[in-house]
Amino acid sequence: MKKKVLLMGKSGSGKTSMRSIIFANYIARDTRRLGATIDVEHSHVRFLGNLVLNLWDCGGQESFMEQYFASQKDNIFRNVEVLIYVFDVESRELDKDMHYYQSCLEALLVNSPNAKIFCLVHKMDLVAEEQRDIIFKEREEDLKRCSRPLECTAFRTSIWDETLYRAWSSIVYQLIPNVKALEHSLNYFANVVDADEVLLFERATFLVISHCQRKQHRDSHRFEKVSNIIKQFKLSCSKLGAKFSSMEVRNSVFAAFIDTFTSNTYVMVVMSDPSIPRQLTHCTNSGADV
């Protein structure tokens, strides 16, 4: 099953950097050596085994953007499942950014009216922390207003923290055809083992694709933090010639286990009882596909 995903935004907004971190195992500091995308760069990313993301990373230089709407409109905007438009929060050409974004929406209305639209207000690490909520809320309201009659979902992102994983997990979640069945199965499993929480991660990207929560937790960003930490740990293991397969964390108040679930996923089980043996939560099913 193929799903066409357009990644658009002005040159320098950070599109290729975030794509490389999520899908090509880059770490944030290494993205500085990436060059500008020329025209449209196509890639096919296999996700959860059967789902293939047909990712179109569209160069954002002005000459390319004009071509997209003049001579390539039907080709680029036909059969689009998702548009991800990236805005540099510190761009000095916001009016031009919004003009190009609205041109994308007009093209989608004609060619792919059912496409899901996500706007990423990117490089938020460059904004003073006390101003981030205010600035993002203003941008979000502007984007929702100018997107009508279509609807957009906005996220604040940075390659330097977990917000990038939060945004991309939410986007990919919309593309998974059997996600409700996954959530039902996780709920059943969590009840059987009496877990506080169960998370399901896609194997290659470590994006959270489903979860079940049976006990409140005060940190709403914990999923993305875990994704970020484990992915960096996996990369460290591979550089040393080791292969990451599982992890166990315990302290005085909880126990957490991360293990292979299927050939395409990892599962994380969090328990309030720190003394519980790992074997009681063991759920590997490597022969199955999600």
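Which residues of helix 7 are buried? The legends below begin with that helix in this predicted model and then turn to the sheets and the domains.

**Figure 1. The buried side of helix 7 (residues 179-193).**
The buried residues of helix 7 are Val 179, Leu 182, Glu 183, Leu 186, Phe 189, Ala 190 and Val 193. These residues lie on the same side of helix 7, because the arc they cover around the axis is only 125°. An α-helix has 3.6 residues a turn, so residues three or four places apart point the same way. The partners against which the buried residues of helix 7 pack are helix 6 (163-173), strand 7 (197-202), strand 8 (208-213) and strand 11 (265-271).

**Figure 2. The outer face and the end of helix 7.**
On the face turned away from the buried side, helix 7 carries the exposed residues Lys 180, His 184, Tyr 188 and Val 192. The helix has 15 residues, and from its first C-alpha to its last it reaches 21 Å, close to the 21 Å expected at 1.5 Å a residue. Asp 194, just after helix 7, has a positive phi of about 55°.

**Figure 3. The antiparallel sheet, with strands in the order 8-7-11-10-9.**
Five strands make up this open sheet, and their pairing is antiparallel. Strand 8 and strand 9 are the edge strands, each pairing on one side only. From one strand to the next, the twist averages 15°. Helix 7 packs on the sheet and touches strand 7, strand 8 and strand 11; the direction of helix 7 makes about 40° with that of strand 8.

**Figure 4. Strand 10 (residues 255-262) and its two hairpins.**
Strand 10 is mostly covered, with seven of its eight residues buried. Strand 9 (residues 246-250) runs antiparallel to strand 10 and is joined to it by five bridges. Across this pair, Arg 250 stands opposite Ala 255. The two strands form a hairpin with four residues between them. Strand 10 and strand 11 also run antiparallel, joined by seven bridges, and the hairpin that connects them passes through two residues. Phe 257 stands opposite Val 269 of strand 11, while Thr 262 has Thr 265 of strand 11 as its bridge partner. In a regular strand the side chains alternate between the two faces of the sheet.

**Figure 5. The mixed sheet, with strands in the order 2-3-1-4-5-6.**
Six strands form this open sheet, and the pairing is mixed. Strand 2 (40-47) and strand 6 (152-156) stand at the edges; each has a single partner strand, so one side of each is left without a neighbour in the sheet. The twist here averages 20° from one strand to the next.

**Figure 6. Strand 1 (residues 2-8) between strand 3 and strand 4.**
Strand 1 is largely enclosed by the rest of the structure, because six of its seven residues are buried. Strand 1 pairs with strand 3 (residues 51-58) in the parallel sense over six bridges, and Val 5 has Leu 55 of strand 3 as its bridge partner. The pairing of strand 1 with strand 4 is also parallel, over four bridges. In this second pair, the bridge partner of Leu 6 is Leu 83 of strand 4.

**Figure 7. Helix 1 (residues 15-23) and helix 4 (residues 94-111) on the mixed sheet.**
Helix 1 lies across strand 1, strand 2, strand 3, strand 4 (82-88) and strand 5 (116-122), and runs at about 155° to strand 3. Helix 4 also packs on the sheet, where it touches strand 1, strand 4, strand 5 and strand 6. The direction of helix 4 makes about 175° with that of strand 4.

**Figure 8. Where domain 1 and domain 2 meet.**
The domain assignment of the protein gives domain 1 as residues 2-174 and domain 2 as residues 179-287. Taken over C-alpha atoms, the centres of domain 1 and domain 2 are separated by 29 Å. In the contact between them, 17 residues of domain 1 meet 20 residues of domain 2.

Notes: Residues are numbered from 1 along each chain as its sequence is written. This is a predicted model: local features need pLDDT of at least 70, side-chain atom pairs count only at pLDDT 80 or more; totals for chains, interfaces and linings use all residues. Side-chain values use heavy atoms; hydrogens and water are left out. The expected span of a helix is 1.5 Å times one less than its number of residues. Buried means under 20% relative accessible area, exposed over 50%, partly exposed in between (1.4 Å probe, protein chains only). The arc is that of the directions from the helix axis to the C-beta atoms. Contact means heavy atoms within 4.5 Å. Two strands pair if DSSP finds at least two bridges between them. Axes are lines fitted to C-alpha atoms, for helices over the stretch in contact, and angles run from 0 to 180 degrees between N-to-C directions. Domain bounds come from an automatic or database domain assignment.
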